[in-house]
Amino acid sequence: MKRVVIVGAGIIGLMMAKELSSRGLEAIVYDGKKDVSEGSEKASGILSKRGLELSGMDYKDSIVNTLRGARLHFGRQTLKVIAKNVQAYVLDRGKLAEANLRGAAEAGADIRLGSRLDLEKIRDFDDGNTVIVGADGAVSSVARAFSFPQIKSFVLTYKAEYRNARISDRSVVDLYFSKRYAQGFFGWVAPYSDSVAELGIGITDKIKKHSMMAFDSFTGADEVKETIEGAELIKGHASIIPVSRRDKTAEGNVILVGDAAGQTKATTGGGIIFGIACAKVAARSIYLNIKEGRRLSLYDRDWRKSYGADLRMHAALHDYYSRVSEAHMERFIGIAKALGAESFFSKYGDMDSPTLMLKRLFLRKLVK
Ligand SMILES: Cc1cc2nc3c(=O)[nH]c(=O)nc-3n(C[C@H](O)[C@H](O)[C@H](O)COP(=O)(O)OP(=O)(O)OC[C@H]3O[C@@H](n4cnc5c(N)ncnc54)[C@H](O)[C@@H]3O)c2cc1C
């Protein structure tokens, strides 16, 4: 029977390993890290409650804070999308990684940490008897080893934690859309508690700028500096997020999943919920390939059929925002507010699935 080699023990690789091992398949995971939580402070952990409940992850012990919504700042306009109940969680990414490691190991996966694979080693696995899964993140070696098409757009990020920050409401995230500091993306203030907050920034890779410089402009901006006046900066980290999907994610015995495939929401950079959903599709495709001889390349069609529409909508929204001027966005938000956008999004909004939001709206019209 074919075995499965997964390159990458990130959230998505470990979820793949758990899914495959639970189906009785042999799954071996390789990662260069010695400890799965290594580097977890480079990313944030804001995930929707609904997405987490569906994910199958053991996330409860990783919860740091609960969120009811967000304030989206566009120049002088602020759109408040705040529900009555908890909509999302801020998670400790290190703890979440450890929980996923336990889940995969308990299911029977063979996890080999401290094993970074070069392109030659990855190609050696292609022996006709192995399925190779690239779950190795935004700069995927598996994608390079087998000449997959490139990811065309990335967001460059920088984030840091502040102690003794001034937080007005710990259940709300603030998002700042301004071309002054966050070209092609946004800056954020995410509360961890009443006094600890994470500040972060993303900028498009299409401009020649370091994300740390953008972060300095962001934290120095009038609308943000009050939050961190007198606060202690704990640590800062740069990273990247892919914000476009690869044109092809399966070829022969090789597939790509998660950030390696570009399965992220281009609007927010969130990659965990869709990455996990696609990992489940991938596990099923591998199972059917090994047990019934179904073509593995159908994975590409399968995940796009289930999640392609949502990811395309996120990409379209991101493109729109990136292209229009700040003055235009300010006017647009003013009009949207006047038309009742705040109460609409607070009631029907879904931070993962725009198609689900449209379905809810449609159902509401039908019921009326
Ligand atoms: C600043 C920032 C904020 C974010 N905020 C959120 C958020 O709030 N919510 C959300 O859902 N998502 C968020 N994301 C995105 C999220 O972190 C990613 O989508 C997610 O971590 C992708 O998981 P992955 O397993 O696909 O890849 P990764 O987490 O990148 O894991 C890939 C693994 O592969 C290993 N690897 C790579 N190459 C090799 C090799 N050659 N050999 C062996 N091992 C290898 C790496 O060591 C790594 O462990 C954020 C990202 C950033 C940068």
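Two strands count as paired here if DSSP finds at least two bridges between them. Keep that in mind as you click around; what you have open is a predicted model.

**Stop 1: the small sheet**

Start by selecting strand 4 and strand 7, residues 88–91. They run antiparallel to each other and share 4 bridges. For one rung of that ladder, pick L67 and then A88, its bridge partner in strand 7.

Now widen the selection to the whole open sheet, which has 3 strands in the order 3-7-4 and antiparallel pairing. Strand 3 (46–48) and strand 4 (63–67) are its edge strands, each pairing on one side only. Look along the sheet and you can check the twist: neighbouring strands are turned by 30° against each other on average, ignoring direction.

**Stop 2: the 7-strand sheet**

Next, bring up the open sheet of 7 strands, ordered 6-5-11-12-13-10-14. The pairing in this one is mixed. Which strands stand at the edges? They are strand 6 (77–82) and strand 14; each has a single partner strand, so one side of each has no neighbour in the sheet. On average, neighbouring strands in this sheet are turned by 15° against each other, direction ignored.

Zoom in on strand 10, residues 154–163, alongside strand 14. This pair is antiparallel and spans 10 bridges. Label E161 while you are there: the residue opposite, in strand 14, is K235.

**Stop 3: the ligand and its shell**

Leave strand 14 (232–242) coloured, and add helix 1 (11–22) and strand 2 (27–31): each of these supplies at least two residues of the shell around the ligand. Strand 14 gives the largest share, 3 residues.

Then select everything around the ligand, 32 residues, of which D31, I46, R93, L117 and D259 come nearest. Colour the shell by class and you should get 11 nonpolar, 14 polar and 7 charged residues.

Try colouring by domain too. Why does the ligand lie between domain 1 and domain 2? Domain 1 (3–45 + 92–151 + 245–318) and domain 2 (154–242) both give residues to the shell, so the ligand sits between them.

**Stop 4: polar contacts**

Turn on distances for three spots:

- D259: one of its polar side-chain atoms lies 2.7 Å from an oxygen atom of the ligand.
- L117: a polar backbone atom is 2.9 Å from a nitrogen atom of the ligand.
- G271: here too a polar backbone atom pairs with a ligand nitrogen, at 3.1 Å.

Finish with a surface view. How much of the ligand's 1000 Å² does the protein bury? That area is what the ligand exposes taken alone, and the protein buries 89% of it.

Key:
Residues numbered from 1 in each chain as written. Predicted model: local features only at pLDDT ≥ 70, side-chain atom pairs only at ≥ 80, totals over all residues. Heavy atoms only, no water. Near = heavy atom within 4 Å. Polar contact = N/O pair within 3.5 Å; in protein donor to acceptor, adjacent residues only side chain to side chain. Areas by Shrake-Rupley, 256 points an atom, 1.4 Å probe, with all protein chains shown as cover. Nonpolar A, V, L, I, M, F, W, Y, C, P; charged D, E, K, R; others polar. Domains from an automatic or database assignment. Axes fitted to C-alpha atoms, helices over the stretch in contact; angles between N-to-C directions.
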